[in-house]
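This report walks through the fold of one protein chain, beginning with how its strands are joined and ending with its nonpolar interior.

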Amino acid sequence: MSLLHICCNLAGSTVFPQLFEALAAQGVSQQVFVPEKRPEDMGKNLPRGVPTHCALTVKKSDALLFFRKAQRSVPEIERTVDLSGVTLVHAHTLFTDGSIAHALCRRHGLPYIVTLRYSDIEAIWRYEPHLHPLGRRILRDAAGIVCLSEGARARVREMCIPPKEREAFDRK
């Protein structure tokens, strides 16, 4: 298995490099793509021994024009990452990373899993209802969904998933 992590929060957290390094220590082949907004974050918290590609593909205007993030990130991934050996994409957030993983799935047939975070639901889902259809598509098309707690899973299930799709959500 060869993983491609999409991780927009690498610069702000030391948890992600620890995860990537622990997976590498277990022999998991992986690489990381980091869509960055600020030049000063380029190269922060890079995991040791894991190929990491950072690119300034996020702009301040993306707060209003969200869909452009993926439009800029996917071609950058295609240019800098060898996708031929990738067997699974891990999107570390629902919206930013998930939209990129979803686009890679559509363009290259790469299956992806998405991790749901509290901020995905309590900030973005709650206050940006125009992104609900995208969020549902990302969750519907994901090969797997990782919830960081049972409470988060229950909240997402009730708040975000239409009743007719809840059984499929539960299987993921």
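In this predicted model, strand S4, which spans residues 88-91, and strand S5, which spans residues 112-116, run parallel and are joined by three bridges. Within this pair, Val89 has Tyr112 of S5 as its bridge partner. Both strands belong to an open sheet of six strands, whose order is S3-S2-S1-S4-S5-S6 and whose pairing is parallel. Strand S3 (52-55) and strand S6 (144-147) form the edges, each pairing on one side only. On average, neighbouring strands of this sheet are turned by 20° against each other, direction ignored.

Two helices can be placed against particular strands, as the table shows.

| Helix | Strands concerned | Angle |
|---|---|---|
| H1 (residues 15-25) | touches S1 (2-6) and S2 (29-35) | about 165° with S2 |
| H5 (residues 132-141) | lies across S5 and S6 | about 125° to S5 |

Turning to the interior, the largest nonpolar core has 35 residues, and those with the most contacts inside it are Leu4, Ile6, Ile77, Leu83, Val89 and Leu104. Among the elements that each supply at least two residues of this core are S1, S4 and S5, together with helices H2 (68-80), H4 (118-127) and H6 (150-160), while H3 gives the largest share, four residues. Ile77 illustrates these contacts: leaving aside residues up to four places away in sequence, Ile77 touches Leu4, Ile6, Phe33, Leu83, Ile100 and Leu104. Separate from this core is a second one of seven residues, which includes Cys7, Leu10, Val32 and Val50.

How values were computed. Residues numbered from 1 in each chain as written. Predicted model: local features only at pLDDT ≥ 70, side-chain atom pairs only at ≥ 80, totals over all residues. Heavy atoms only, no water. Pairing = 2+ DSSP bridges. Axes fitted to C-alpha atoms, helices over the stretch in contact; angles between N-to-C directions. Contact = heavy atoms within 4.5 Å. Core = buried A, V, L, I, M, F, W, Y, C linked by side-chain atoms within 4.5 Å. Buried < 20%, exposed > 50% of the residue type's maximum accessible area, 1.4 Å probe, protein only.
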